[in-house]
Amino acid sequence: MTDSIQIDTEKMVNEFTELTAIDSPSLGERQMADCLMKKLKDIGFSVDEDDCAARIHGNAGNLYAYLPGTLPGRPVLFSGHMDTVEPSCGKKAVRHPDGKITSDGSTVLGADDLAGVSEILEGIRSVIRAGVPRRGIEILFSPAEEIFTVGAEQFDYSRIRAKEAYCLDLSGHIGTAAVEAPSLVSFHITIHGKAAHAGFEPEKGINAIAAAARAVSRIQQGHISDKTTLNIGTISGGTQINVVSPSCELTGEARGFVHEEVLAAVENTRRIFEEAAEEAGASVTFESRVHLHTYRNGDDDAALRHFRDACRDIGIESCTIRTFGGSDVNQFVLHGLDGLVISSGMTDSHTTAEYVEEKDLADGARLVAALITQEAEIDS
């Protein structure tokens, strides 16, 4: 990367704190979308918002932006998401003398994923300021990523011109990329029992909570193999203390690196609940949904090769990991893109202890700039 490309770290940090101050919970990203649309237009992008908001019951759609390049070949796609997990409202970024940026402790910081968004914006601006040759650039900023990537799931991928995509939505030091991500299937279970007075005639009832407990005790949770995890996350039931519980609801998930093994874990869960319910004289309604499909990047994939080249160009060591977390890249790969999720430097995300270092923000922007200025393969 040419020495003429310079990152304006102070301006970037100020923009990051500006973005984190915007309330942007999942399905409530309207103000964030308006802010980012203006910033992209100010850079020179053509920008539009799709109509997925109504379909996902939110108030903002996917932002898609395009900026032509001066280098031959296909453009490169960068992505990040606009929503933040709870507690997310009233965020206040705190800059510390050692370069760490945290929240005030009462909310998340929002580095997931506004660190990535900020790095994309400044990386692009730095290349434009330098006036150096660059690839065409596409941007996809999605809503509702934190609730199983439902925003990116709704996007019309026939609009994408790029073949390779970089999603800045991973924890760890800049230079880290996840080359394997899981399938994820959620499930919702309702056990239907029978109410009866718990004091006068409990024998006339069928206790749905007891049937659920019997099933849960038979299910292996946590790591059920080195590739698959299963978890029952919520349970609720009953009406009051003197009534035999007529119903019980449970929710959970399975995730893993072999799609068929994840499906088998969910099917086994269904079977166990049906057997336990039958033993108690109850019945079961079992619903499941596939949210993410597993993928793995190959060493010869263009996105991974260009990522390693870009890290080398800016003097950062690259490393690859696998992650049990999903991202919009799961959707990209389903639609034929060569996608790679890379670190934005965020740490302890999804907690009120979340933080990012100012140096990592700057390095993330440098990496974006390096990816933009690489020459792409020409389609034959």
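**View 1. Strands β9 and β12 within a five-stranded open sheet.** In this predicted model, strand β9 (residues 183–192) and strand β12 (residues 247–256) run antiparallel and are joined by 10 bridges. Within this pairing, His192 has Ser247 of β12 as its bridge partner. The sheet to which these strands belong is open and is formed by five strands, arranged in the order β10-β11-β12-β9-β13 with antiparallel pairing. Its edges are occupied by β10 (222–223) and β13 (283–292), each of which pairs on one side only.

**View 2. Helices α6 and α7 against the sheet.** Helix α6 (residues 208–218) packs on the sheet, where it touches β9, β11 (228–237) and β12, and the direction of the helix makes about 20° with that of β12. Helix α7 (residues 259–280) lies across β9, β11, β12 and β13, and runs at about 165° to β13.

**View 3. Aromatic pairs, with Phe155 and Tyr157 as an edge-to-face example.** A pair of aromatic rings is described by the distance of the centres and the angle of the planes. The model holds six aromatic pairs. In one of them, Phe155 and Tyr157 meet edge-to-face, with 5.3 Å from centre to centre and 85° between the planes. Phe155 and Tyr157 are both buried. The two residues also belong to an aromatic cluster, which they form together with Tyr64 and Phe332.

**View 4. The stacked pair of Phe187 and Phe286.** The rings of Phe187 and Phe286 form a stacked aromatic pair, at 5.8 Å centre to centre and with 20° between the planes. This pair links distant parts of the chain, since Phe187 belongs to strand β9 and Phe286 to strand β13, 99 residues apart. Phe187 counts as buried because its relative accessibility is 3%, and Phe286, at 18% relative accessibility, likewise counts as buried because the limit is under 20%.

**View 5. Charged side chains over tyrosine rings.** The ring of Tyr355 has the charged end of Lys100 sitting over it, at 4.2 Å from the ring centre. In a second arrangement of this kind, Arg161 lies over the face of Tyr66, and the distance to the ring centre is 3.7 Å.

**View 6. Strand β16 and its neighbours β7 and β8.** Strand β16 (residues 338–346) has nine of its nine residues buried, and it is therefore largely enclosed by the rest of the structure. Strand β7 (residues 164–171) runs parallel to β16 and is joined to it by seven bridges; in this pairing, Leu170 has Ser343 of β16 as its bridge partner. Strand β8 (residues 176–181), by contrast, pairs with β16 in the antiparallel sense, over two bridges, and here the bridge partner of Ala178 in β16 is Val341.

**View 7. The surroundings of Ala365 in helix α10.** Ala365 is placed in helix α10 (residues 358–373) and is buried, with a relative accessible area of 0%. Beyond its neighbours within four places in sequence, Ala365 is in contact with Ile7, Met12, Glu119, Glu122 and Gly123. The C-alpha atom of Ala365 is separated by 9.5 Å from that of Asp8, although the two residues are 357 residues apart along the chain.

**View 8. Thr107 in the loop between β5 and α4.** Thr107 is found in the loop between β5 (100–102) and α4 (111–130); despite this loop position, Thr107 is buried, with a relative accessible area of 3%. When neighbours within four places in sequence are left aside, the contacts of Thr107 are Pro87, Cys89, Gly90, Lys91, Lys92 and Thr352.

**View 9. The largest nonpolar core and a second core apart from it.** The largest nonpolar core contains 62 residues, of which Phe45, Phe78, Ile139 and Tyr166 touch the most other members. Helix α10 gives the most to this core, contributing nine residues. Leaving aside neighbours within four places in sequence, Phe78 is in contact with Ile120, Ile137, Glu138, Ile139, Leu140, Tyr166, Leu168, Val368, Leu371 and Ile372. Another core, of 24 residues, lies apart from the largest one, and Cys248, Val266, Phe273 and Ala282 are among its members.

Key: Residues numbered from 1 in each chain as written. Predicted model: local features only at pLDDT ≥ 70, side-chain atom pairs only at ≥ 80, totals over all residues. Heavy atoms only, no water. Pairing = 2+ DSSP bridges. Helix = DSSP H or I, 4+ residues; strand = E, 2+ residues; numbered from the N terminus. Contact = heavy atoms within 4.5 Å. Axes fitted to C-alpha atoms, helices over the stretch in contact; angles between N-to-C directions. Phe/Tyr/Trp six-rings, centres within 6.5 Å; stacked < 30°, edge-to-face > 60°. Buried < 20%, exposed > 50% of the residue type's maximum accessible area, 1.4 Å probe, protein only. Lys NZ or Arg CZ within 6 Å of the ring centre and 35° of its normal. Core = buried A, V, L, I, M, F, W, Y, C linked by side-chain atoms within 4.5 Å.
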